[in-house]
Amino acid sequence: MRTVKKPATYDAIIIGSGMTGGWAAKELTEKGLKVLVLEAGRPIEPDRDYVEHVPIAELKFRGMNNRRETLKDQPIQRTCYACDEWASKFFVNDTENPYTTDPAKPFAWIRGRQVGGKSIMWARQSYRWSDLDFEANAREGIGADWPIRYADIEPWYNYVEDFAGITGQAEGLPQLPDGHFLPPMEMNCAEIAVKEAIARQFGRERVMTIGRAAVLTQTHNGRAACHYCGPCHRGCITQSYFSSLNATLPVAEKTGRLTLRPYSVVHSLIFDSQTRRVTGVKVIDGQTHKAMEFQGRLIFLCASALESTRILLNSATPEFSTGLANSSGELGRNLMDHIMGGGADGIIPGYLDRVQFGNRPNGIYVPRFRNVSSREKNFLRGYGFQGQAERESWQRGIHESGFGASFKSRLRTPGPWKMTFSGFGECLPNPANFVEIDKARVDAWGVPVLKIHCEWRDNEKTLLRDMMIQAAEMLAAAGAENIHLFNHNSPPGLTIHEMGTARMGADPKTSVLNKHNQAHDVKNLFLTDGACMASSSCVNPSLTYMALTARACDYAVSEMKKGEL
Amino acid sequence: MERREALRLMGAASVFSVLSSDLFAATLQAQIAGNKAGSLGTLSAGQNEIVVAMSDVMIPATGTPGAKAAKVNEFIDLILTEWATEEERKVFLEGLAETDRRTNALFGHGFADASAKEQAAIVQGFDEELTVSHSEYSPKEPRPWELTLLLPFFAQMRRLTLVGYYTSPIGQEQELKVDIIPGALHGCVPAEPEVKP
């Protein structure tokens, strides 16, 4: 990526180079704008930094992770499954990037500061939201009504899917609209058996489908098909999964209108009270710690939900004393994440002479079935299941008795098929889950940090219990043995679907952003990452962030051309 | 050709699926080479001999090399030196001393000098004790960041021997025949006939 420093006024400044920043860069440069992308972290060179094909034998601790170092430098990041011995370098140093919480209310803020952001390590699950989601707040009188419906975003789902490439199977379900899919990945032997058993028991109420993922099952837009090495979160030299680094940023770069500046820690935005516009960005250089400013006609906040809100809170002015664009008082409020970690696993008997060939970077999905056609008494909304079946590896030997030649021979052969369902539940917007600036702490660059107040409430906890029981019921329907219910007690944040804190809405009195992700209070300020969400649905949000970003860019440029911006 | 370059060119040419993944074997080999043995950081020469012998009883050479050839002892020493807590290390080293005490009591010499049959008898004893006390340590695999070696000695030894062996070049390539780049996905296909040990 080109990394030039030149003093100029840009048509647009995009803060963040990850999932949404990459899309904003592609859309705005393709529409002719001269764009500056500010990225807080370092540049990533795929040839040098991707580690997906590094054999485990090359790792110093052979996959057991550098325990002492991560305990010291990444005590929070290390709790994310993807922060492994290969990929921990894609996660922030927690001592340089502190935040605070009430000790009794932990929040796991998982962050990636580098060109590509968390789009490098994301799990690539890509689902459309439906009107079951967009209408939920209005129907139940919770939070603020979404200012858009499925019809508003559908063309943009089509648009981003056609570019990114999403593998999946059309199912015709109203609660999980089908997309423009590349061919689906195959289920394995045990998954096929479980899918058929669920269909027999539950009909169309519960459908197990193959995961919909931003991974290429065939060559797509010049990017190669997946070679099934498996661990996408360590990078992909063939660009076979979607990340900003693999897909959107190279397109923006080709326009010749992109300037990407890594090591640019944004401190705050500069607001001109005369024109009521943001005119630029205050930046601390990540390496030299020198303060500098950049000017732009449009500002797009794409720094991740909590970073974008942090920047607005740190940009308070005499007029906006509680944070820029916060006349509603809603900035920082209604933090959400999906509640996860509840489910069940069990052994599916048989198929011991069959295996799965290839490491499928995708699982299965059971779309939401609670409060779809039924009405549950005990909870609002619902959850979906991700999961997979796999044959246990040599690692089962760690917990098995035996030694010697027979033990070794046994462990060479994979174990029985184990099927796991793990739920992802919707989190209700609640103003008591919020973030504010902790005036007592700054990060390594002197930027005031967030204090996060967030906890699971009764509705989420009830969903978690229900997902454990229903997962076990589906396993029982499939004839599973040794069914084991689990609850990992995951803190909010760890699902890495943190959303809200600068919600969209029709009414400027109760929302920060309008239906085009434009700040009600500041016309030339857009925010298109997860902070904009008015509710959380139970499905993975990234595809929706992509679609909202492309949609907002289209609106911003058309307004600009009309002279409205 | 460098491994990544090869992959990228193939990605660009979109002919990946028709090429044999053997092509990558050589370049991967080059990556694996060069992990040379260092000197021991924790284990004394005597303790090291016990670890070498015991790991090889647990995972012996059969049709493929065993724990000794895979230098499992060096991995265990590294974990004791740079990963384990003081308390975990103490449990392990005490376990090695106990191993020698038991062998001496039964056979009149240390574990490393014992016959294969004698060593197997000692390991069998540890294995049976652990099975009895199985519920006292977590039988479920912990999540990676919760991994601990605060376990009975033989549970430590079994975990470290298995990890050390199966993640070694010998374990990955010869025993498990891991193919890092399968190049295709087939959900449900016949297993290859098992290689007889």
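Two strands pair if DSSP finds at least two bridges between them. Keep that in mind for these exercises on a predicted model.

**Exercise 1. Across the two chains**

Task: Find which residue of β1(B) is the bridge partner of Val355(A), and describe the side of chain B that touches chain A.

Solution:
- Step 1. Begin with the strands: β12 of chain A (residues 354-357) pairs with β1(B) over three bridges, in the antiparallel sense.
- Step 2. Within this pairing, Val355(A) has Val189(B) as its bridge partner.
- Step 3. Now widen the view: 52 residues of chain B are in contact with 52 residues of chain A.
- Step 4. On the side of chain B that touches chain A, at least two residues each come from several elements, including α1 (3-13), α3 (45-58), α6 (116-132) and β1 (186-190) of chain B.
- Step 5. Sorting the residues of that side of chain B gives 31 nonpolar, twelve polar and nine charged.

**Exercise 2. A helix and its packing partner**

Task: Check the length of helix α12 (residues 542-561) of chain A against its expected span, then work out how α6(A) is oriented relative to α12(A).

Solution:
- Step 1. With 20 residues at 1.5 Å a residue, α12(A) should span 28 Å; the C-alpha atoms at its ends are 29 Å apart, which agrees.
- Step 2. Look at burial next: 14 of the 20 residues of α12(A) are buried, so the rest of the structure largely encloses this helix.
- Step 3. Helix α6 (residues 150-164) of chain A packs against α12(A) at about 105°, and the two axes are 8 Å apart. Because angles of 65 to 115 degrees count as roughly perpendicular, that label fits α6(A) and α12(A).
- Step 4. The residues making the contact include Trp156(A) and Val160(A) from α6(A), and Met546(A) and Arg551(A) from α12(A).
- Step 5. By class, the residues of this contact are eleven nonpolar, no polar and one charged.
- Step 6. Following α12(A) you will find Gly563(A), with a positive phi near 80°.

**Exercise 3. An open sheet**

Task: Decide which strands stand at the edges of the sheet ordered β3-β17-β16 in chain A.

Solution:
- Step 1. This sheet is open, has three strands and shows mixed pairing.
- Step 2. The edge strands are β3 (100-101) and β16 (434-442) of chain A; each has a single partner strand, so one side of each lacks a neighbour in the sheet.
- Step 3. β3(A) pairs with β17 (residues 448-453) of chain A in the parallel sense over two bridges, and here Thr101(A) stands opposite Ile452(A).
- Step 4. Helix α9 (residues 305-313) of chain A packs on the sheet and touches β16 and β17 of chain A, its direction making about 65° with that of β16(A).

**Exercise 4. A strand with two partners**

Task: Name the residue of β15(A) that stands opposite Ala344(A), and say whether Ile237(A) is buried or exposed.

Solution:
- Step 1. Strand β11 (residues 339-348) of chain A runs antiparallel to β15(A), and eight bridges join them. Ala344(A) stands opposite Phe421(A).
- Step 2. β14 (residues 383-391) of chain A also pairs with β15(A) in the antiparallel sense, over nine bridges; there, Gly387(A) stands opposite Phe421(A).
- Step 3. β15 (residues 417-425) of chain A is mostly covered, with eight of its nine residues buried.
- Step 4. Burial is found in a loop too: Ile237(A) sits between β6 (209-210) and α8 (244-254) of chain A. A residue is buried if 20 or more other C-beta atoms lie within 10 Å of its own; Ile237(A) has 22, so Ile237(A) is buried.

Note on methods:
Residues are numbered from 1 along each chain as its sequence is written. Chains are lettered from A and ligands numbered from 1 in the order in which they are written. This is a predicted model: local features need pLDDT of at least 70, side-chain atom pairs count only at pLDDT 80 or more; totals for chains, interfaces and linings use all residues. Two residues are in contact if their C-beta atoms, placed from the backbone, lie within 7 Å. Helices (H or I, at least four residues) and strands (E, at least two) are DSSP runs, numbered from the N terminus. Ala, Val, Leu, Ile, Met, Phe, Trp, Tyr, Cys and Pro count as nonpolar, Asp, Glu, Lys and Arg as charged, and the others, Gly among them, as polar. The expected span of a helix is 1.5 Å times one less than its number of residues. A residue is buried if 20 or more other C-beta atoms lie within 10 Å of its own, exposed if 12 or fewer, and partly exposed in between; C-beta atoms are placed from the backbone. Axes are lines fitted to C-alpha atoms, for helices over the stretch in contact, and angles run from 0 to 180 degrees between N-to-C directions. Angles under 35 degrees count as roughly parallel, over 145 as roughly antiparallel, 65 to 115 as roughly perpendicular and the rest as oblique.
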